[in-house]
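Q: I am new to this structure and would like to learn how its features are read. Could you take me through them one at a time?

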Amino acid sequence: MTTVLKKLASGTLGTSSSTLYTVPASTKTIVKSIILCNKTSSDKYATITFAGTDVIYQHTVKAKDTLVVQMTAILEASATIAGLAEAADTIGYYISGIEVV
């Protein structure tokens with residue numbers, strides 16, 4: 001078994017749910033952290049889902065603030081991480097974890 005520490009996804013959330021990361025075939029992924037950063041001067045919410053299940057639901061990130069969520073969540077091959085924000089170009093994200101092949 002090979003393990004690879006890596007950035008799973010990063011960017012800026014849009015206003016409709018979109019796939020941020022898909023677990024590769026024959027792989028399991030352990031999500032270790034999600035960082036959400038509100039780049040604006042007003043509060044905005046974000047939603048993140050793992051395999052169709054909300055893990056962060058409409059959580060308000062205060063203006064010019066950052067939310068760091070440490071976790072251990074296991075995703076099976078082909079499972080996805082998706083996300084959206086209240087407004088476009090407001091919430092940046094960085095998701096890190098371990099891929100196990």
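A: What follows is a dialogue that goes from the overall fold to the core and then to single residues. The model is a predicted one, in which local features need pLDDT of at least 70 and side-chain atom pairs count only at pLDDT 80 or more, while totals for chains, interfaces and linings use all residues. Residues are numbered from 1 along each chain as its sequence is written, and side-chain values use heavy atoms, with hydrogens and water left out.

Q: How many helices and strands are there in the protein?
A: Helices (H or I, at least four residues) and strands (E, at least two) are DSSP runs, numbered from the N terminus. In this protein there are 0 helices and 8 strands, and the pattern along the sequence reads β-β-β-β-β-β-β-β. The radius of gyration, which is taken over C-alpha atoms and set against a globule rule of 2.2 Å times the number of residues to the power 0.38, is 13 Å, close to the 13 Å that the rule gives for 101 residues, so the protein is as compact as a globular protein of that length. Along its principal axes, the C-alpha trace spans about 45 × 20 × 20 Å.

Q: What percentage of the residues of the protein count as buried?
A: A residue is buried under 20% relative accessible area, exposed over 50%, and partly exposed in between, with a 1.4 Å probe and protein chains only. By this reading, 40% of the 101 residues are buried. As for the surface, accessible areas come from the Shrake-Rupley method with a 1.4 Å probe, and for residues only the protein chains shown count as cover; the protein exposes about 5,400 Å², of which carbon and sulfur atoms supply 52%.

Q: How many positive and negative side chains does the protein have?
A: Lys and Arg count as positive and Asp and Glu as negative, whereas His and the chain ends are not counted, and each charge is placed at NZ of Lys, CZ of Arg, CG of Asp or CD of Glu. Here there are 8 positive and 7 negative side chains, and the centres of the two sets lie 6 Å apart.

Q: Which residues have the most contacts inside the largest nonpolar core?
A: A nonpolar core is a set of buried Ala, Val, Leu, Ile, Met, Phe, Trp, Tyr and Cys residues joined through side-chain atoms within 4.5 Å. The largest one here has 23 residues, and those with the most contacts inside it are Val31 and Leu36. At least two residues of this core come from each of β1 (3-12), β2 (18-22), β3 (28-38), β4 (44-50), β5 (53-61), β6 (66-75), β7 (80-85) and β8 (91-100).

Q: What does valine 31 touch, and what does leucine 36 touch?
A: Contact means heavy atoms within 4.5 Å. Valine 31 is placed in strand β3 and counts as buried because its relative accessibility is 0%; leaving aside residues up to four places away in sequence, its contacts include Leu8, Phe50, Met71 and Ile95. Leucine 36 is also found in strand β3 and, at 0% relative accessibility, counts as buried. With residues up to four places away again not counted, leucine 36 touches, among others, Leu13, Ile48, Leu67 and Tyr93.

Q: How do distances in sequence and in space go together?
A: One can set the two side by side for chosen pairs. Leucine 36 and threonine 2 are 34 residues apart in sequence and 29 Å apart in space, C-alpha to C-alpha, while valine 31 and valine 100 are 69 residues apart in sequence and 11 Å apart in space. Among contacts between residues at least 6 apart in sequence, 78% join residues at least 24 apart.

Q: Is valine 100 buried or exposed?
A: Valine 100, which lies in strand β8, counts as buried at 14% relative accessibility. Its partners beyond four places in sequence include Met1, Lys28 and Ile30.

Q: Which residue has a positive phi of about 50° although it is not a glycine?
A: Most residues other than glycine have a negative phi. Alanine 51 has a positive phi of about 50° and sits in the loop between β4 and β5. Glutamine 58 has a positive phi of about 45°, but its place is in strand β5, where it counts as partly exposed at 38% relative accessibility.
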